[in-house]
Structures are given as structure tokens and as C-alpha cells.
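Trainee: Could you take a close look with me at one part of this model, the surroundings of a ligand?
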Amino acid sequence: MKVLVTGRDGQLARSLAERSAGLTDLDLVFAARPGCDLATKGSVAAAVRDTRPDLVISAAAYTAVDKAEQEPELAHRINAEAASELAEAAAAVGAPLIHVSTDYVFGGTGAAPMREDEPIAPLGVYGRTKAEGERRVREGQGDHLILRTAWVYSPFGANFVKTMLRLSRDREEIAVVADQVGSPTNALDLADVILALAERRHAGDRTGWGQTFHAAGSGRASWADFAAEIMRLGGSATRIRPIPTSDFPTPAQRPAWSVLDGGKLRDSFGLSLPDWRASLPAVVERLVSAETD
Ligand SMILES: NC(=O)C1=CN([C@@H]2O[C@H](COP(=O)(O)OP(=O)(O)OC[C@H]3O[C@@H](n4cnc5c(N)ncnc54)[C@H](OP(=O)(O)O)[C@@H]3O)[C@@H](O)[C@H]2O)C=CC1
Ligand SMILES: Cc1cn([C@H]2C[C@H](O)[C@@H](COP(=O)(O)OP(=O)(O)O[C@H]3O[C@@H](C)C(=O)[C@@H](O)[C@H]3O)O2)c(=O)[nH]c1=O
Ligand SMILES: [Mg+2]
């Protein structure tokens, strides 16, 4: 099966590459810049037409949450318009699409794990443009699965784990917000779930297609909890000081609560992602050993 993945160097794209390496029935083709630029109208559709994939995975997006507040048009172009172009192009070649979205579509006022059918209320440009991308994929003609994930970390690209390990090198203390709670997700675990769903679909199983699922790490954490565990696993003496969001002003507002309920994914497919506390050690180990190379 030929699978077109948008992006190449992003966390999810690299995780898909690594986790598919042993799967001989899957041939992943990556559509990335400069050849495929989501900011350019028509570019991603041309990549689909040229590749003629059996299935498409959208792993590229505009993910700079704060910067998006300054360039809403570009974020909208990439997260909303290019998402619908991709969905239409995939439909035109008869390829089902696995589209990835985010917990930041939620407003963060909940108190229990968020289910797929709860109302969205994005707080910033990134969340709004991703919500619009979801809507366009959902309302388009193409066959799709939408997977919402959250707080993605991995050995690759830019992420909170790397940021904390870097800051810990020359700081005795890092102040980290303790009143935003979510679902840290190892991109390698998400890649495993996506590849399993792709293989099932290729084998003719249409269970769940046309629907939206939450696919994030199990368990929950505040950013401060997450940072403290990163320090512990990294063997760092740096202290994590829990602070309120009001003490860490950022251009974009983030949801205070965005823990995702994985029940629908588990009930529909028998799939779940490990608890973040179980998944984090191997990633920290890879990052720490890369630093000391
Ligand atoms: N990171 C997170 O914490 C979360 C991410 N998500 C979603 O998961 C998906 C994967 O995210 P993740 O892997 O973490 O993202 P990354 O930020 O690690 O990677 C983004 C990817 O998008 C590509 N990209 C950005 N702009 C363009 C463009 N104009 N043209 C072509 N490609 C572009 C990048 O390409 P290049 O390599 O060339 O820079 C890169 O491959 C996205 O849909 C994201 O919204 C959801 C929840 C949490
Ligand atoms: C660096 C730093 C951040 N923070 C806070 C800011 C913010 O509230 C929180 C996380 O910061 P980040 O900028 O790493 O995370 P952010 O870019 O908001 O991460 C989000 O990315 C997008 C793409 C998603 O889809 C979301 O699921 C989520 O993962 O930690 C501190 O409190 N102290 C610090 O030293
Ligand atoms: Mg960020």
C-alpha cells in the first residue's frame, strides 16, 4: 500500500517513518517542502495527483501556537485551506484520509476527560484554524478519519521535552504552569495507532471511518507535572516551580483543561495509547544520550 504523508521533518512524520520501517506492506512517500508547500495553493493537490496514493496521512500543519497570533492568514491557509485541498485531492484519487487535529480546539473549561462530541471553543488562532480544518475535512466529500491528539513530544523536531532538557542545562529552577492540564502524547505511540488504522482500512475494514476520535496518551498531567517527570528521568537537579498561567504570559491563550478521553478509540478499534508516564522514559533517554554524543 502506498501512503502519502504530508511533512517529513515534523515529529509525527518522522515517527511514522521510524515505526513503519518494519512494515513491508507499507510504502510511505513524504510530501514536504520545498516540493510540496502547504502555503501555496494547489501544491498539496499536485503531490497527491503525482503520487496516486492508496491512503493519505496529514502530518504537516502550522503548529507555532504563539506565532500564529501574528500570522493568522498563514495559519489559516495551512491548517484550514490546505487541509481541505488535501481532502479533496485524496477523494479525487479515491484515497481515504487520516487527518490529525488537536486538543486546542477545546476551550478548556471542562473538568472530566473530553469526549469527541463535546462542543469546541478554540481560544487562539492555531486552535481556530485547526478547528476549521477539521470542519472542512468532515463536511467534504472524501472518506476520512479525524484523530485529535495533544501535547505531542518525541525524539524529533521541537517539543516541550526538548525545551525543558535544554533549559535545565543552565538553570537551577524553571517556572512552569501548573493550571493547564492535558494529555502528553508520544508521537511514536500515535504513529503506531495511525499505521494500525491504515492497515485495517487497506484490508477493507471501514469501521469508524467518517468519524472523529481522540488519540492521545493515557493519564493526565499539568505542564509542571510533565516538566518535573522530565527532570527526574533526565537525572537533572533543576527544580520545577509550579506557577499559575497568569505568571507566564504568552501571546496565545491555551486551554486550562484539555485531557482527551480515549474511550471511543478503544471501544471502536481496541486501540489505546500508553500512559505518558510509561512512554516518556525512552524518549528522554534518547534525547539525553543524543546530547552527550
Ligand atoms: N505538536 C503538538 O504538540 C501537537 C500537534 N498536533 C497536530 O499533529 C500534527 C503533527 O504535528 P507535529 O508533528 O507535532 O508538528 P511539527 O511542528 O513537529 O511539524 C510540522 C510539520 O508540518 C510541516 N509544515 C509546516 N508548514 C508547512 C508548509 N507550509 N508546507 C509544508 N509542510 C509544512 C513541517 O515541515 P518542515 O519539516 O518542512 O518544517 C513539519 O513536517 C499536526 O496536525 C498538529 O496540528 C496536535 C496536537 C499536539
Ligand atoms: C518554556 C516554558 C513553557 N511554559 C508553558 C507555556 C505553555 O502554557 C506550556 C506549554 O508550552 P509550549 O509552547 O511548549 O506548548 P504549546 O506550543 O502550547 O503546545 C501545544 O502545541 C500545539 C501544536 C498543540 O496542538 C497542543 O496540543 C500543544 O502541544 O508551558 C512554562 O510554564 N514555562 C516554560 O519555561
Ligand atoms: Mg510550541
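Which element gives the largest share of the shell around ligand 1?

Mentor: Keep in mind that this is a predicted model. The element you're after is H1, which puts three residues into the shell around ligand 1, the largest share. Helix H1 spans 11–20, and together with strand S4 (97–102) it makes up the elements that give two or more residues to that shell. In total there are 27 residues around ligand 1, and the ones that come nearest are Gly7, Asp9, Gly10, Ala60 and Ala61. Sort the shell by class and you get 15 nonpolar residues, seven polar and five charged.

Now hop over to ligand 2, since it makes a handy companion case. Here the shell has 19 residues, with Thr63, Thr102, Phe160, Val177 and Trp223 coming nearest. Strand S7 takes the largest share of this one, four residues. S7 covers 173–177, and helix H5 (160–168) likewise supplies at least two residues. By class, the shell around ligand 2 splits into twelve nonpolar, five polar and two charged residues.

While you have the model open, have a look at a helix pair too. H7 (residues 223–233) packs with H9 (residues 276–291) at an angle of about 50°, and their axes are 10 Å apart. That angle is why the two helices, H7 and H9, count as oblique to each other. Their crossing is right-handed. On the H7 side the contact is made by Glu229, Ile230 and Leu233, which meet Arg277, Leu280, Pro281 and Val284 of H9. Class by class, that contact has five nonpolar residues, two charged and no polar ones.

How values were computed. Residues are numbered from 1 along each chain as its sequence is written. Chains are lettered from A and ligands numbered from 1 in the order in which they are written. This is a predicted model: local features need pLDDT of at least 70, side-chain atom pairs count only at pLDDT 80 or more; totals for chains, interfaces and linings use all residues. A residue is near a molecule or strand if its C-beta atom, placed from the backbone, lies within 6 Å of it. Ala, Val, Leu, Ile, Met, Phe, Trp, Tyr, Cys and Pro count as nonpolar, Asp, Glu, Lys and Arg as charged, and the others, Gly among them, as polar. Axes are lines fitted to C-alpha atoms, for helices over the stretch in contact, and angles run from 0 to 180 degrees between N-to-C directions. Angles under 35 degrees count as roughly parallel, over 145 as roughly antiparallel, 65 to 115 as roughly perpendicular and the rest as oblique. A crossing is left-handed if the near helix is turned anticlockwise from the far one by less than a right angle, and right-handed if clockwise. Two residues are in contact if their C-beta atoms, placed from the backbone, lie within 7 Å.
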